[in-house]
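The following report describes how the helices of a protein chain are arranged and which residues lie between them. Please read it alongside the sequence and the coordinates.

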Amino acid sequence: MNKKLAAALSGGAVLVLALSGCSDDEGDKVGDWAKTFCDQAKPQIQKRANAHQIIISTAADSKPAEIQAADSKAFQDIANADRALAKAVESAGAPPVENGEKVKQDAIKELTATAVAYEGLKKQVDALDPTNQQKFADGLQGVADGLTKIEKMDQNALSKLEEGELGQAMAKQPGCQKPTASVPPKTSASPKAGSTSGGDANPGPTKTATAKPTKTAAASKTEE
């Protein structure tokens, strides 16, 4: 079941990572803005990657209480990262592109809304009873359904920043590149634990938009 959460989370986990690529020089003003934002965004992108890995590492051979604790921490970490990303956009100011102020305000609004949504999922996970496996599995299904909806919010949060010359300028910045998760996966996890599109701790742009949660062996184990 937790692997299903990992699959749903995979799209949101690379909120800024889809900016990888190459571009021509887009000018000092746009480049300076991108550097200002990406330098502040880098640790938050890393935090999101680590949160994603935490879920994957508990996707199999884990007890309900372990899954609950891992998911709770991961959701809170992502919420904190999204709030920090909103502050990074605020600090960088309106980007020097057409409708820059609106682009900034929309990004801040959507990142904040996504953070609130992840905090809601944390509360939902925290309220589950890990001592009753069947009820826990049923409750985790509801969390996974909610996460699927939030995934779209997450992907849209910085979509305007990723467009045109601004997105190309951000793609050049090391701070907006795909990180390597610093949380090692559990060695006890089954071979299937990371086999879906959401199993890659650092999925590339081609993997994320279509990642869909699926029923896995971990779910069946939880429901036994």
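## Helix packing and buried residues

Where α2 and α6 pack against each other, Val30, Gly31, Trp33, Ala34, Phe37 and Cys38 of α2 are in contact with Glu165, Leu166, Ala169 and Met170 of α6. The model is a predicted one, and in it helix α2 covers residues 28–57 while helix α6 covers residues 164–171, the two axes lying 8 Å apart at an angle of about 55°. Because an angle of that kind falls neither among the roughly parallel nor among the roughly perpendicular ones, α2 and α6 count as oblique to each other. The crossing in which α2 passes α6 is right-handed.

The loop between α6 and α7 (205–208) contains Gln173, a residue that is buried, with a relative accessible area of 13%. Once neighbours within four places in sequence are left aside, Gln173 is in contact with Gly31, Ala34, Lys35 and Cys38; Gly31, Ala34 and Cys38 are also among the α2 residues that meet α6.

The chain as a whole has eight helices and zero strands, and the order of elements from the N terminus is accordingly α-α-α-α-α-α-α-α. Of its 224 residues, 49% are buried. Among the contacts between residues at least 6 apart in sequence, 86% join residues that are at least 24 apart.

A second helix pair is formed by α3 and α4, where helix α4 covers residues 100–126 and the axes come within 8 Å, crossing at roughly 165°. Since angles over 145 degrees count as roughly antiparallel, α3 and α4 are described as roughly antiparallel to each other, and α3 passes α4 in a left-handed crossing.

Helix α3 spans residues 64–92 and includes Asp77, and Phe75 lies in α3 as well. Phe75 is buried with a relative accessible area of 0%, and the C-alpha atoms of Phe75 and Ala51, 24 residues apart along the chain, are separated by 7.4 Å. Asp77 is likewise buried, with a relative accessible area of 16%; if residues up to four places away in sequence are not counted, Asp77 touches Lys47, Ala51 and Ile54.

For two of the helices, the span expected at 1.5 Å a residue can be set beside the separation of the end C-alpha atoms.

| Helix | Residue count | Expected span | End C-alpha separation |
|---|---|---|---|
| α4 | 27 residues | 39 Å | 39 Å |
| α5 | 24 residues | 34 Å | 35 Å |

The separation agrees with the expected span for α4, and agreement is also found for α5, which covers residues 133–156.

The buried residues of α4 are Gly100, Val103, Lys104, Ala107, Ile108, Leu111, Thr114, Ala115, Tyr118, Glu119, Leu121 and Val125. In α5, the buried residues are Phe136, Ala137, Gly139, Leu140, Val143, Ala144, Leu147, Ile150, Glu151 and Asp154. An α-helix has 3.6 residues a turn, so residues three or four places apart point the same way. Charged-type names occur in both lists, with Lys104 and Glu119 among the buried residues of α4 and Glu151 and Asp154 among those of α5.

At the start of α5, the backbone nitrogen of Gln134 has a side-chain oxygen of Asn132 within 3.3 Å.

Terms used. Residues are numbered from 1 along each chain as its sequence is written. This is a predicted model: local features need pLDDT of at least 70, side-chain atom pairs count only at pLDDT 80 or more; totals for chains, interfaces and linings use all residues. Side-chain values use heavy atoms; hydrogens and water are left out. Helices (H or I, at least four residues) and strands (E, at least two) are DSSP runs, numbered from the N terminus. The expected span of a helix is 1.5 Å times one less than its number of residues. Buried means under 20% relative accessible area, exposed over 50%, partly exposed in between (1.4 Å probe, protein chains only). A polar contact is a pair of N or O atoms within 3.5 Å; within protein, one must be able to donate a hydrogen and the other to accept it, and residues adjacent in sequence count only if both atoms are side-chain atoms. Axes are lines fitted to C-alpha atoms, for helices over the stretch in contact, and angles run from 0 to 180 degrees between N-to-C directions. Angles under 35 degrees count as roughly parallel, over 145 as roughly antiparallel, 65 to 115 as roughly perpendicular and the rest as oblique. A crossing is left-handed if the near helix is turned anticlockwise from the far one by less than a right angle, and right-handed if clockwise. Contact means heavy atoms within 4.5 Å.
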